[in-house]
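Hello,

I am passing on the structure below, together with some notes on its aromatic rings that I hope you will read alongside the view. Please keep in mind as you read that the model is predicted.

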There are 2 protein chains.
Amino acid sequence: MSAVQTVLEAGGSPVSRMMGRLEERMAAITSGYGPELVRHAGETIAAGGKRLRPLLVFLAAGVPPPETDGLVRAAVAVELVHSASLVHDDVLDRAALRRGRPSVMAAGGREQATATGDLLFARAFAELAGGGSGDAVRSLSHASTSLARGELMQRADAWSGDVAESRYLERCRLKTGVLFRAACELGALEGGGEVDALGSFGERIGIAFQILDDILDVTGPPERTGKPQGTDLLDGTVTLPLILARERDPELAALDLRSVRTQAQAAEVCRRLGSTAALPIARERALRRVADAKAMLPSMPRRQLEVLELVADGVVERYS
Amino acid sequence: MSAVQTVLEAGGSPVSRMMGRLEERMAAITSGYGPELVRHAGETIAAGGKRLRPLLVFLAAGVPPPETDGLVRAAVAVELVHSASLVHDDVLDRAALRRGRPSVMAAGGREQATATGDLLFARAFAELAGGGSGDAVRSLSHASTSLARGELMQRADAWSGDVAESRYLERCRLKTGVLFRAACELGALEGGGEVDALGSFGERIGIAFQILDDILDVTGPPERTGKPQGTDLLDGTVTLPLILARERDPELAALDLRSVRTQAQAAEVCRRLGSTAALPIARERALRRVADAKAMLPSMPRRQLEVLELVADGVVERYS
């Protein structure tokens, strides 16, 4: 994401140094569990991620961030929970690609992927335990519980012809918002900032991020998103663009998602969906959340405020 | 397990009261996440378990145990990690039954089971965070990481004709020993006991427990174990009875596990395995670990010592 580059430059070398320490620690963790884990999880956890959540941990702590071990561990913990959830999502979605490369699921099978996700998950809490803050553990475990609840909700709603926008937004909050919240809370705890306000900022940009992700699933392009267009449709996952398009196009409203079985069919639904006003309206929903998020940032040093606003804008400016 | 009854009587009403509080809290957690979780995980987490790990948490804290919220939470956390691992194991093993009832996997499918396990897992750390001890979080996350490593190891060794006894024992330590260790450590932390010594005791009886479990998979009877005889064989899981029998019976040594496909074939292999000395030798290995465990119990009040020895003996006296 170019916004991360922008922020790294704006944040200056302390942020870059902290991102470097994060990568080192992630690589050490991956290799520390032997060839099994490196083979299966290396692709997902050590390579190519946007590292947006760790960046939020650092920036919520301060700009420049305090260069402490505790802050690196907090960022690693958040990214490990995210990685664990990706590995398990790929099991659920039977995804062949993750970030344009073979998923753990495709490379090692369901068994390896389930156990690998569990390991990364547990390891996240081990990272935090080094610091010993009960608030930090509470925040991350709340985020992890929410992630799983969001996943259960998504499964319950799969293939449904009748998912309300409010229910979709609650799912975004659970699946993505609460971990963004935890990233900001952990940073604020370490940096001495306003935990609740920064957490609320994080939750909102997390929801916006998820809405954008769901828009990108429809618009592609696959060479940027790293997965075929319409993957959500093939999974039966009902997202905001489809919900909004169904309200506008009776043919889409009548469509049984189970009849969409090939990538060509999914691409055709995406095309039809793009001919309604669903995509710009969905984008507007995301932008509104970013504006809300920025409006609720507490008073803080001007430099930190500017950089956090940059990140918030970056969330909805991907590939646009 | 009758030993639990024995210990409940020996431990007296404070232990029973604490076990009651554990059940209440487990039930509240299951129902607190809505009908989804109750339907899918209720069978596994709220019903019928031996609750051996929570019992160890209580008894490692003292006899009678201190009746604190922190101790209940520690016991709940350990049992939730255990429940999460059962739910995920059932996904991996495609198990239809768990404790004689439909598994989460069978009732809700792979997707629900993966997310349900993740939720229980995350919830375990949320329980501990209430207490706020970094040592407790570290102990439980180490146990959780070990569980996943043990699972990866088991998958790597599946169907193998050449698993060394030492490797099998290391797998038992990772899959079962380290969580028993965490149970004792968490209890010791809360009760002010000797954490390392009680942890080592726990790890050894955990390994003995796993060996016994693997013996029971061969000997049954299914109406006691809640699963068909030879389930491990059908999974390709190579356990101590088979390792020892292969050293004694050339026909078993030559057997390709992949050729064992039906329950009838598995039962026949179990019968043949029972005609070697493998089962009594495996049982002896478990008994030796129980003796080691008892020998390393630190000095403590006589009542507590006696009760912990009772539990240790109980681990290898199931159904015998």
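**Aromatic pairs**

Counting ring pairs whose centres lie within 6.5 Å, one arrives at six aromatic pairs over all chains. One of them joins A:F121 and A:F125, whose ring centres are 6.3 Å apart and whose planes make an angle of 50 degrees, and this pair is tilted because an angle that is neither under 30 degrees nor over 60 is given that name.

Both of these residues belong to helix 6 of chain A, which covers residues 104-131, and they sit four residues apart, or about one turn of the helix. A:F121 has a relative accessible area of 7% and is therefore buried, and A:F125, with a relative accessible area of 1%, is buried as well.

A:F121 also pairs with B:F121, and here the arrangement is edge-to-face, with 5.5 Å from centre to centre and 90 degrees between the planes. This pair crosses between chains, since A:F121 is in helix 6 of chain A, while B:F121 is in helix 6 of chain B, residues 104-131. Is B:F121 buried or exposed? Its relative accessibility is 5%, so B:F121 counts as buried, the limit for that word being under 20%.

Taken as a group, A:F121, A:F125, B:F121 and B:F125 make up one aromatic cluster, which you may like to find in the view.

Best wishes

Methods:
Residues are numbered from 1 along each chain as its sequence is written. Chains are lettered from A and ligands numbered from 1 in the order in which they are written. This is a predicted model: local features need pLDDT of at least 70, side-chain atom pairs count only at pLDDT 80 or more; totals for chains, interfaces and linings use all residues. Side-chain values use heavy atoms; hydrogens and water are left out. Helices (H or I, at least four residues) and strands (E, at least two) are DSSP runs, numbered from the N terminus. Buried means under 20% relative accessible area, exposed over 50%, partly exposed in between (1.4 Å probe, protein chains only).
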